[in-house]
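Biologist: Please take a close look at a single part of this model. I would like one helix described, together with the pocket beside which it is discussed.

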Amino acid sequence: MRTMRVLWIIVLLSIVFTGVLFSVQAQDEEATEDNLVELVALSPEFADWLANYPDWIGQGWQSDGDYWYIEFYSADWEEWLGYATVNVVTKEFADYLVPSPLPPEEFQEGQARVTELVLHDPEVLARLVEPLLWDVYVDFNRWDRVWEVTYYRGVNAVRVICTYHPEEDYFSIDSIGDPNVFDEETAFEDARSEAISLAYTADGVDAALEGYDDWTTYSEHLGDGIWTVEFAAGDQELFFAQVDIENDVVLEAGASR
């Protein structure tokens with residue numbers, strides 16, 4: 001009888017211990033996001049930048065295995081402040097972006113070097129013919145971390161995109177083209193992204209995509225801000241939506257299976 005009682009006590013203690021262990025594990029999982037946000041925020045890469053935004057907001061989620069995606073916004077989600085992909089095991093950054101402007105002295109040095117590089121490029125000179133007849137504007141795109149040298153003459157324009165390589169301390173030219181064309185392409189891609197995001201808010205889309213990790217989207221602009229968006233996995237269509245991005249409305253949507 002005493003042996004049975006001891007066995008029951010052992011079983012009960014085992015159940016209690018297991019429950020406490022699961023509780024601690026659950027708390028650790030819940031704390032992971034906050035811990036990683038704090039880790040990134042206090043890192044040398046982000047600390048000084050986020051100090052400019054006292055009420056910054058951080059959020060994150062598991063992106064792939066041991067890697068978490070952490071991103072930051074200013075107060076009230078008004079401005080995106082950058083991201084980092086963190087390995088939760090090593091606590092190292094796989095990649096990150098801090099959209100901070102360059103210090104004045106670094107900007108002035110870069111401006112002089114990139115201007116000289118561009119004015120010695122044969123293709124740029126062929127487009128300008130007479131560089132002195134063009135107005136020039138040099139800017140550092142802090143979001144894409146590239147330099148943009150743009151020449152204007154009436155309705156004509158030439159934009160040169162350059163990248164700085166700090167490891168070897170040199171600049172390279174990435175592209176040369178008409179910024180008006182760039183703007184049109186950018187506007188189209190922005191509209192397409194907006195259409196996909198709006199379609200993703202349609203009722204039933206989550207259920208339709210459940211169980212599919214490799215789904216993708218196909219979209220088509222029908223004109224006047226109307227887009228069709230198809231969610232598919234391989235050759236199988238899972239969900240369809242027609243949206244109006246100008247009025248922020250889902251016009252039609254439904255599962256395909």
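Modeller: What follows covers one helix, then the largest pocket.

This is a predicted model, so local features need pLDDT of at least 70 and side-chain atom pairs count only at pLDDT 80 or more, while totals for chains, interfaces and linings use all residues. Residues are numbered from 1 along each chain as its sequence is written, and side-chain values use heavy atoms, with hydrogens and water left out.

The chain has six helices and twelve strands. Helices (H or I, at least four residues) and strands (E, at least two) are DSSP runs, numbered from the N terminus. Of its 257 residues, 31% are buried. Buried means under 20% relative accessible area, exposed over 50%, and partly exposed in between (1.4 Å probe, protein chains only).

Take α3, residues 104–119. The helix has 16 residues. From first C-alpha to last, α3 reaches 23 Å, close to the 22 Å expected at 1.5 Å a residue. The expected span is 1.5 Å times one less than the number of residues.

Gly 110, Val 114 and Val 118 are buried in α3. Seen down the helix axis, the buried residues of α3 fall within an arc of 60 degrees, so they line one face. That arc is taken from the directions from the helix axis to the C-beta atoms. An α-helix has 3.6 residues a turn, so residues three or four places apart point the same way.

What does the buried face pack against? The buried residues of α3 pack against α4 (122–128), β5 (135–141), β6, β7 and β8 (170–177). Contact means heavy atoms within 4.5 Å. On the other side of α3, Pro 104, Glu 105, Gln 108 and Glu 116 are exposed.

Now the largest pocket. Its volume is about 560 Å³. A pocket is an open set of points on a 1 Å grid over the protein atoms alone, where a 1.4 Å probe fits, with protein on both sides within 12 Å along at least five of seven lines; lining residues have an atom within 4 Å of a point. The volume is the space filled by probe spheres set on the points, which are joined across faces, edges and corners.

The lining has 20 residues, and Leu 102, Glu 106, Arg 145, Tyr 164 and Pro 166 are the closest to the pocket centre. Helix α3 gives the largest share, four residues. β4 (93–97), β6 (146–153) and β7 (156–165) each supply at least two.
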